[in-house]
Amino acid sequence: MSTPAWTALVDCDTLHAALCGPDLVVVDCRFALSDPGAGENAWRRSHVPGAVYAHLDRDLSGPHTPGAGRHPWPQAAAFAHTVAGWGIDATRQVVAYDDGDGAFAARLWCLLRAVGFTRVAVLDGGWARWQARGLPVTDAVPSPGVVEFPALSWLSLPLGADGVKAALASGGLLLDARAAERFHGRVEPIDRVAGHVPGAVNRPYADNLRDGRFKPATELRSEFLGLLHGSDPAEIVAMCGSGVTACHHLLAMAHAGLEGARLYGGSWSGWIENPSRPVATGA
């Protein structure tokens, strides 16, 4: 029996009921910026049965190019090789999860959507909720069948700095997903320059959540439409520190039925690579 098509979010009990589906691939995306090996070590100790592991730096990012920021968009051929090794092709239903808020899982969701896969979802509540529900876990490392994978190409690519400037000049909305204190430049624990792109608007990605899960679709839809002031969702460009947590906004909008927003791949870390670009601080 085929797994039902999930295209944005799936809850833990629903995934549990479908774990034996022959076309299901579960991907553990747990990661810690402060300790890049922690997520993989945690996966080896315990994970959702059958889950393969995706490392943010190794699997969900690519080599640096000028302006690409701390987590560059990967090359299509390398990404195709990676997902084929996980047993993923266009016939599979993919479910990604991380430690709870969904930001790293949303990065994989965004990448797979960008090559045209639609049956991709994020586990709502992630690993924390899976454990809280008392659902089964294992330390068995899976051996997925490597699939024959055609060469992939990006159907959509993140914007660069020039694309962001053009979007702002045409009235687009640049939505920064970082915490308010970083956006305003009061603190900067990661990047060498504090502040934000002039003209950007702050909506921390945590605002998409309540009690560790995504808000209802109707509520998110109302909130994002309030930011758009009647404009099309395609007018939104999402950014963050390095193009990862911004994917959370794209997922939340898809959950809310608002498709078409774009990603600024380099985000803040890419913007400040060029010291001539303007920087704003404060409200």
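Which residue in E5 does Ala96 stand opposite? In this predicted model, the residue that Ala96 faces in E5 is Val122, and that pairing is a convenient place to enter the structure. Strand E4, residues 93–97, pairs with strand E5, residues 120–123, in the parallel sense over 3 bridges. Strand E2, residues 24–28, also runs parallel to E4 and is joined to it by 5 bridges, with Val26 having Val95 as its bridge partner in E4. Between E4 and E5 the chain passes through helix H4, residues 103–114, and these three elements make a right-handed β-α-β unit.

How enclosed is E4 by the rest of the structure? Because 5 of its 5 residues are buried, the strand is largely enclosed by what surrounds it. In a regular strand the side chains alternate between the two faces of the sheet. In E4 both faces are covered, since Gln93, Val95 and Tyr97 on one side are buried, as are Val94 and Ala96 on the other.

From the strands the description moves to the nonpolar core. In soluble globular proteins, nonpolar side chains tend to be buried together. Here the largest nonpolar core has 77 residues, and those with the most contacts inside it are Val27, Phe79 and Leu108. Helix H4 supplies the largest share of this core, 10 residues. Apart from this core lies another, of 14 residues, which includes Ala161, Val164, Ala200 and Met239. When residues up to four places away in sequence are not counted, Val27 touches Val94, Val95, Ala96 and Tyr97, together with Val52, Ala54, Ile88 and Leu108.

A charged residue in a loop offers another view of the interior. Asp191 lies in the loop between helix H7, residues 180–183, and strand E7, residues 201–202. With a relative accessible area of 10%, below the 20% limit, Asp191 counts as buried. Its side chain is joined to that of Arg70 by a polar contact of 2.8 Å. Leaving aside neighbours within four places in sequence, Asp191 is in contact with Arg70, Arg182, Gly241, Trp268, Ser269 and Ile272.

The cysteines complete the picture, and a search of the whole structure finds 0 disulfides. Cys12 is buried, with a relative accessible area of 1%, but its sulfur is 14 Å from the closest cysteine sulfur, in Cys29, and is therefore too far for a bond. Cys240 is likewise in no disulfide, the nearest cysteine sulfur being that of Cys247, 6.9 Å away, whereas a disulfide would require the two sulfur atoms to be within 2.5 Å. Cys240 is buried, with a relative accessible area of 1%.

Definitions and conventions. Residues numbered from 1 in each chain as written. Predicted model: local features only at pLDDT ≥ 70, side-chain atom pairs only at ≥ 80, totals over all residues. Heavy atoms only, no water. Buried < 20%, exposed > 50% of the residue type's maximum accessible area, 1.4 Å probe, protein only. Helix = DSSP H or I, 4+ residues; strand = E, 2+ residues; numbered from the N terminus. Pairing = 2+ DSSP bridges. Right-handed = clockwise from strand over helix to strand, strands pointing away. Core = buried A, V, L, I, M, F, W, Y, C linked by side-chain atoms within 4.5 Å. Contact = heavy atoms within 4.5 Å. Polar contact = N/O pair within 3.5 Å; in protein donor to acceptor, adjacent residues only side chain to side chain.
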